[in-house]
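This report describes the surroundings of a bound ligand and the pockets of the protein. The sequence and the structure are shown first.

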Amino acid sequence: MSEIITIANQKGGVGKTTTAVNLAASLAVAEKKVLLVDVDPQANATTGLGFKRSTYEYNIYHVFIDKKKLSDIILKTELPQLHLAPSNIGLVGIEQELAESKDNETKLVLKNQLKEVIDEYDFIIIDSPPALGNITINAFVASDSVIIPIQCEFYALEGVAMVLNTIKIIKRTLNPKLKIRGFLPTMFSAQNNLSKDVVADIKQNFTDQLFRLDNSKKDEFIIIPRNIKLAESPSYGKPIILFDIKSPGSVAYQNLAYSILG
Ligand SMILES: Nc1ncnc2c1ncn2[C@@H]1O[C@H](COP(=O)(O)OP(=O)(O)OP(=O)(O)O)[C@@H](O)[C@H]1O
Ligand SMILES: [Mg+2]
């Protein structure tokens, strides 16, 4: 059985793409077949895996609008077990195109398109844009679960209520099986007291929904550290596991993958 997981938070720059790329790569290295679907017009997951716009003809925009098949756009990556459905800036326009139709069908496009390839993968990871518009709604409707990265910085928890509310609405309407897979504190720095405060807040509010390698150890949950290697690896077109496998950032994302594998 494959599992479809969206990485979402409408706040920008909280580590969604970093999580999507590195969780997908870590699962692939753990011998799972993984499809990473980039539905963000910024296409950061696509470029982060080393693809330049000139190197692929079709992208997820064509799947949303031209009804091109997902299998026609999927690219192979440096990791044999990891495939990518690339994005492109053209996707910006589809928010508008999808919004113009009141029909629920426009919220089901991604779900229907994923049916074609779902049996080929153990995990499908969707990287969503920093917005709760129609593209992210498509991702929620298509998914089994959501991972919410929370940056260990000021006001981090304030925006979380918004994404939780959207998930609640989708659960009530178009996708009753949608679950929250967990909250993931990101960019933690031990030298920063604020970082510690945010983690304490996250623990207090969401303790049962944090990722753990050992569920009996309540105090040991997975936190992604601030690690320069994580910020550098996309410019080399590589997930961290192919860039610096022993770096703290890489180890943390491998632990996240193990936690998800259970
Ligand atoms: N743990 C980390 N340590 C250091 N840098 C990080 C870490 N996580 C993310 N970054 C860097 O922070 C920036 C924002 O991260 P990322 O692109 O993953 O966020 P995002 O939520 O996908 O952003 P957007 O909302 O724009 O899509 C990027 O430059 C990324 O390389
Ligand atoms: Mg992103």
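In this predicted model, 18 residues surround ligand 1, and those that come nearest are Lys-16, Thr-17, Thr-18, Pro-225 and Asn-227. By class, this shell holds seven nonpolar, seven polar and four charged residues. Helix α1 provides the largest share of the shell, namely three residues.

Oxygen atoms of ligand 1 take part in polar contacts with Val-14, with Thr-18 and with Gln-42. Val-14 contributes a polar backbone atom, whereas Thr-18 contributes a polar side-chain atom. In Gln-42, the partner is an N or O atom of the side chain. The distances are set out below.

| Residue | Part of the residue | Distance to an oxygen atom of ligand 1 |
|---|---|---|
| Val-14 | backbone | 3.0 Å |
| Thr-18 | side chain | 2.5 Å |
| Gln-42 | side chain | 3.1 Å |

How much of ligand 1 does the protein bury? Taken alone, ligand 1 exposes 630 Å², and 81% of that area is buried by the protein.

Which space does ligand 1 take? Ligand 1 occupies the largest pocket. Two elements, α1 and α9, give two or more residues each to the shell around the ligand. The volume of the largest pocket is about 480 Å³. Its lining comprises 29 residues, and Gly-15, Thr-17, Thr-18, Met-187 and Leu-230 lie nearest the centre of the pocket. Thr-17 and Thr-18 thus appear among the residues nearest the pocket centre and also among those that come nearest to ligand 1.

At least two lining residues of the largest pocket come from each of α1 (16-29), α2 (44-48) and α9 (228-232). Of these contributions, that of α1 is the greatest, with five residues. Helix α1 therefore gives the most to the pocket lining and the largest share to the ligand shell, under the helix assignment used here. The lining of the largest pocket contains 12 nonpolar, 13 polar and four charged residues.

The second largest pocket has a volume of about 210 Å³. Its lining includes Met-1, Ser-2 and Ile-4, together with Lys-111, Leu-114, Lys-115, Ile-118 and Asp-119. Ala-142, Asp-144 and Lys-177 also belong to the lining of the second largest pocket. Five of its lining residues are nonpolar, one is polar and five are charged.

Conventions
Residues numbered from 1 in each chain as written. Chains lettered and ligands numbered in written order. Predicted model: local features only at pLDDT ≥ 70, side-chain atom pairs only at ≥ 80, totals over all residues. Heavy atoms only, no water. 1 Å grid on protein atoms, 1.4 Å probe; cavity = no way out; pocket = protein on both sides within 12 Å on 5 of 7 lines; lining within 4 Å. Points joined across faces, edges and corners; volume = space filled by probe spheres on them. Helix = DSSP H or I, 4+ residues; strand = E, 2+ residues; numbered from the N terminus. Nonpolar A, V, L, I, M, F, W, Y, C, P; charged D, E, K, R; others polar. Near = heavy atom within 4 Å. Polar contact = N/O pair within 3.5 Å; in protein donor to acceptor, adjacent residues only side chain to side chain. Areas by Shrake-Rupley, 256 points an atom, 1.4 Å probe, with all protein chains shown as cover. Sits in = over half its atoms within 2 Å of the grid points.
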